[in-house]
Amino acid sequence: MLKLLGAVLVLFAGTMIGYLQAARFAERPRQIRYLLHALQRLETEIGYGQTPLPDALHRVSLAIPPPLAGMFAAIAAELRAGTGVTVRESWENTFSSGWPSTAMRGGEREALLRLGGTLGGSGREDQLKHVRLAMLQLQTEEAAAREDQQRYEKLCRSLGVLGAALVVILMM
Amino acid sequence: MPPVLFEWLPYQLRSLLSGLPDAVLETLEEIRIRENRPLEIGYGGRFAFVRGDGSVADDYRAGYKPSREDCKALLEKVTDHSLYAVEEELRRGYVTVAGGHRIGLAGRTVLEGGAVRHLRDVTSFNVRIARARPGCAARLLPALLDKAARTVRHTLIVSPPQQGKTTLLRDLARAVSSGEWNDPSARSWGGRKVGIVDERSEIAACERGVPTFDLGPRTDVLDACPKAEGMMMLVRSMSPEVVVVDEIGRPEDADALREALHAGVRVLATAHASDLSDVFNRPVLALLAREGVFGAYVLLSRAGGRVEHRVYGALEAEEARRRGLRQWAAAPRDAPAPAPAPAASRSAGGALETAIKARPLPPIRSPDRLEGEGEGHA
C-alpha cells in the first residue's frame, strides 16, 4: 500500500517537473512578444509624443503584463525619485536583478541591456534607430524561441511522465 | 529661498550647493558648472567659487571641480533623461527646468549643411536662477499708463543681459492682469486680459501648462511657442488686451508686433541692448522705433545690488538717439560692487534730466534709501 502511494507521488512529481519545464518553453516566446510590444510603445512615445523617458517608461509599464511591467515601472520610479542615478545604471540594475523571474534567456537580455546604454542619451532619430535595432534582435530571438518551443515543449512533458514511470518501475 | 530649488540637480552637486550659507542662497543668481574646472556661483552682483565642503572662496584654485560623471548626470537630469525631447532647445543652446530656471549649455556642435543640428559633449552649464519679485513693477507701472485708453502703452524694456528684464516683465504682467496699477486715477480700471508668449518658458515657468509663477488672474500663457507665431495665435484666438513677449529682435517678431498693434492689442516686450542708442543700432528694433511703434522705453541698469529703471517716451527716445546719448552703458555686472553708487548714479541722473528737461515724463528711479522691493532682481 505504502509502495503504491510512493509510486503515485513519484509519478506526480515527475509529471509536474516535465510540465513546468514545458511551460518555460511556452512562456519564453510569449514574454519576448510582450517585450516587443513594450519597445514598440516606447518607439511611439519617443518618436511622436516626445514624452520624457520616465513618463514613457511608466506608460509602457501600464500596457504590458508582469513581470516585465514591474521592471519598467521600477526604472521609471527610480528616475523620477531624483537620486541622481543615470538611465544606464538604473536599467542595468533592474533588468539584471529581475531577469531570473522571467522565462527569457541571455540573448534577449543582451539586446535589452545594450538598448539601456543608449536610451535617453541622443537625438530622436538615433533613439529610434537603437530601439528598432533592439526590436530586430528580439525578433530573431523570438523565432528561435518558437522553434525551441515546438521541438522541446512536448518532449519535456512526455520526458517528465516517462522518467517518473522509469523510476517507479525501477522501484517496484 | 527654499532648498527644494535644487531638485533638478544630481545628488552630488545638490548636496554641495545646498550647503552654501543662507545669505548666499538668498541672492543666488547664477551657477556655472564646467567639467573639470572650478564650480562658480554668482550671487548678489558678485561671483565666487564653491569649495568641496560647500563653503565659498574667492580663489578659483580652491574650487570644487565637477567630474565628467557629474556633468553627465546633470545633463541627464536637466533634460529629464530625454535628450530626444529637447532637441530643439539644444539647438538653441539652452533648456529650462522646473521653476523657470534657464540653463545655458555649451559643448561641441554638430553641423548639418552649415546649420547647427545638435549639441554634444556638453561640458559647460550656466544655470540662471529665476525668481519672482512681486511688486517690483509697482514703481514703474504708473509711468507706462495710457490714461486716455485706460490701459498700458506699448512698451519696450531694454537692458544688457542679467539686469532683471524678465523679472520685471513677469511682475508687469501680474500687475496688469490683476489691476494693480498703483495710480490713483486708474483705481477703477480693473485688470486687463493678458496673453503671454513664453518661448523659453522663463516668464511663467509652466509645468504641464500651468504657470508656477503668479501672473495674475486674467493671464493666458502660450508655453514654449515661437514669439512671432505665438503673438498671432494669441491675437486670433484668445482676445488678449495686452500681449507680453520676451526678447524680441528677429524680423518676423517685428511683423507680428505690427500685426498685434493694428489688432488693437497693447504689447509689453523686452530686448537686449545696453542703452537707447543700441536700440537704434539693432536693425529690427531700429525699424520699429522709427515707425513709432513703442510708446515708452524702459531702461534697466544695476548699481550694486539695486535695479534702477528709467522711462522714456517715444519722442525722448528719438531725441536721445540724435544726441547719441550713452548714459547707460553697463559695467560688467559681477564687477566688485561700487560702494558710492548713490552719488554716482545721482549725477548721471542729473545730466540726463537736463538733457530731456522739457519732456513731460520725468525719469523715475528706485530711491536709493528705500529697501526691499526695488533691489536685486535676478
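Which residue just after helix 5 of chain A takes a positive phi? Let's work up to that one and a few others.

**Ground rules.** This is a predicted model, where local features need pLDDT of at least 70, side-chain atom pairs count only at pLDDT 80 or more, and totals for chains, interfaces and linings use all residues. Residues are numbered from 1 along each chain as its sequence is written, chains are lettered from A and ligands numbered from 1 in the order in which they are written, and side-chain values use heavy atoms, with hydrogens and water left out.

**Exercise 1.** Walk along helix 5 of chain A and past its end.

*Solution.*
- Start with the vocabulary: helices (H or I, at least four residues) and strands (E, at least two) are DSSP runs, numbered from the N terminus.
- Chain A has six helices and zero strands.
- Now check the length of helix 5 (residues 106–118) of chain A: at 1.5 Å a residue, its 13 residues should span 18 Å, and the end C-alpha atoms sit 19 Å apart, which agrees. The expected span is 1.5 Å times one less than the number of residues.
- Next, burial. Buried means under 20% relative accessible area, exposed over 50%, partly exposed in between (1.4 Å probe, protein chains only). In helix 5 of chain A, the buried residues are Glu108(A), Ala111(A), Leu112(A), Leu113(A), Leu115(A) and Gly116(A).
- Those buried residues pack against helix 1 (2–49), helix 4 (87–98) and helix 6 (124–171) of chain A.
- Step past the end and you hit the answer: Gly120(A), with a positive phi of about 80 degrees.

**Exercise 2.** Find what His81(B) touches, leaving aside its neighbours within four places in sequence.

*Solution.*
- Locate His81(B) in the loop between helix 3 and helix 4 of chain B.
- With a relative accessible area of 2%, His81(B) is buried.
- List its contacts (heavy atoms within 4.5 Å). In chain A, His81(B) meets Leu53(A), Pro54(A), Leu79(A), Val85(A), Val87(A) and Gly120(A). In chain B, there is Glu76(B).

**Exercise 3.** Lay out the open sheet of chain B and say which strands stand at its edges.

*Solution.*
- Two strands pair if DSSP finds at least two bridges between them.
- Seven strands come in the order 4-3-2-1-7-6-5, with antiparallel pairing.
- Strand 4 (56–57) and strand 5 (94–97) of chain B are the edges; each has a single partner strand, so one side of each is left without a neighbour in the sheet.
- Zoom in on strand 5 of chain B: four bridges tie it to strand 6 (residues 101–112) of chain B. Tyr94(B) stands opposite Gly104(B), and Val95(B) has Ile103(B) as its bridge partner.
- Three residues lie between strand 5 and strand 6 of chain B in this hairpin, and Gly99(B) in the turn has a positive phi of about 100 degrees.

**Exercise 4.** Is Leu90(B) buried or exposed?

*Solution.*
- Place Leu90(B) in helix 4 (residues 87–92) of chain B.
- Its relative accessibility is 2%, so Leu90(B) counts as buried.
- Leaving aside neighbours within four places in sequence, Leu90(B) is in contact with Leu83(B), Leu105(B), His118(B) and Leu119(B).

**Exercise 5.** Count the disulfides over all chains.

*Solution.*
- Apply the cut-off: a pair of cysteine sulfur atoms within 2.5 Å.
- The search of the whole structure returns zero.
- Two cysteines to look at anyway: Cys206(B) counts as buried at 14% relative accessibility, and Cys225(B) counts as buried at 10%.
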